[in-house]
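Biologist: Could you take me through one part of this model in some detail? I would like to look closely at chain B, and at what surrounds it.

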Amino acid sequence: MESHKRLHLKTFLMISIMVLAGPLGNVLLGKGMKTIGPVTATSPADVLHLLARVLTTGYIWMGIASLLTFFLAYMLVLSWADYSFVQPSSAFSYVVVATLSVVLLGEVVSPLRWLGIAVICLGVFVVGRTHPNTTEIR
Amino acid sequence: MREVIFFTLIVVAGTSGELCVSRAMKETGEVHDFRPLAILKVVLRAMRVKWTWIGVGLMTIGFFSLLGILSFENVSLVVPVTALSYVVGALGGKFFLGERVNRRRLLGIALVCVGVTLVVLGNR
């Protein structure tokens, strides 16, 4: 019983880290890439120059660190929980990313987009409430 | 057109990569010890599984595509649209793994599609 409770607690903790670190990472990458400007690489030299700019942008590294935190939590939770459980549980991250985009990047999110995000969360949640195994056990 | 290419790469490569990593971690085994050294050992063990590398390769393609599109599109548009990975995941499950997509799962996938459409329309 105790180990069952601990399993739930560590699953909740890992999914919470995923839901916060993933969106934060994307927002930081967005901020970093906006400072670089639209990608227009037409030659190998352009690609190298672009890569150098990407790798010397602080926000990109902060974003990568945040996404690595997300990835570590994700890998750990997948070692004991089902993919079909973990993926829907992170549905809330779409609301978090939109909120962080508004607060940290000053993006304007229209009511229609908020509605779309809410519908996506609902859809992801509905997918997650289906039985994880749809094939016959042989 | 440029957006379509970036979104396709993010969704298809990203979802395939995640499935590969999921398989790799199941092969690696459940994590019980959360001390840094133990976690490092798990990571090193996972690195010996070929699915980890296939997954990481695919996720890298998805990642650089994400960086590319974030250079000219808003985060609040890009990330919700990548929810299309649920559609790709379900279609992949149906056609490559022989899974049955029941009505409830279809409803969820349809809701994701409607949501993504609203997010894109909300851009205008």
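Modeller: Happy to. Let us start with a term: two residues are in contact if their C-beta atoms, placed from the backbone, lie within 7 Å. By that rule, and leaving aside its neighbours within four places in sequence, I120(A) is in contact with Y94(A), and also with P80(B), A83(B), V112(B), G115(B) and V116(B).

Before going on, a word on how to read this. This is a predicted model, in which local features need pLDDT of at least 70, side-chain atom pairs count only at pLDDT 80 or more, and totals for chains, interfaces and linings use all residues. Residues are numbered from 1 along each chain as its sequence is written, while chains are lettered from A and ligands numbered from 1 in the order in which they are written.

Now the confidence. pLDDT is the predictor's confidence in each residue, from 0 to 100. Chain B has a mean pLDDT of 85, with 96% of its residues at 70 or more. Among its elements, helix α3 (residues 50-70) of chain B has the highest mean, 91, and helix α5 (residues 85-96) of chain B the lowest, 76. Where pLDDT is low, the predicted coordinates should not be read in detail. For the model, ipTM is 0.77 and pTM is 0.77.

Chain B has six helices and zero strands; helices (H or I, at least four residues) and strands (E, at least two) are DSSP runs, numbered from the N terminus. Its C-alpha trace spans about 50 × 40 × 25 Å along the principal axes. Of the 124 residues in chain B, 44% are buried, where buried stands for 20 or more other C-beta atoms within 10 Å of a residue's own, exposed for 12 or fewer, and partly exposed for in between, with C-beta atoms placed from the backbone. Among contacts in chain B with a separation of 6 or more, 76% join residues 24 or more positions apart.

The domain assignment, which is automatic or taken from a database, splits chain B into domain 1 (1-73) and domain 2 (74-124). The C-alpha centres of these two domains of chain B lie 19 Å apart. Their contact takes nine residues from domain 1 of chain B and ten residues from domain 2 of chain B. On the domain 1 side, α1 and α3 of chain B each give two or more residues, and α1(B) gives the most, with six residues.

Next, the partner chain. The contact between the chains takes 39 residues from chain B and 40 residues from chain A. On the chain B side, α1 (2-28), α3, α4 (75-81) and α6 (103-121) of chain B each supply at least two residues, and α6(B) provides the largest share, 13 residues.

That brings us back to I120(A). A nonpolar core is a set of buried Ala, Val, Leu, Ile, Met, Phe, Trp, Tyr and Cys residues joined through C-beta atoms within 7 Å. The largest one has 65 residues, and Y94(A), I120(A) and A83(B) touch the most other members. Helix α1 (residues 2-36) of chain A gives the most to this core, with ten residues, and each of the two domains of chain B contributes at least three. In soluble globular proteins, nonpolar side chains tend to be buried together.
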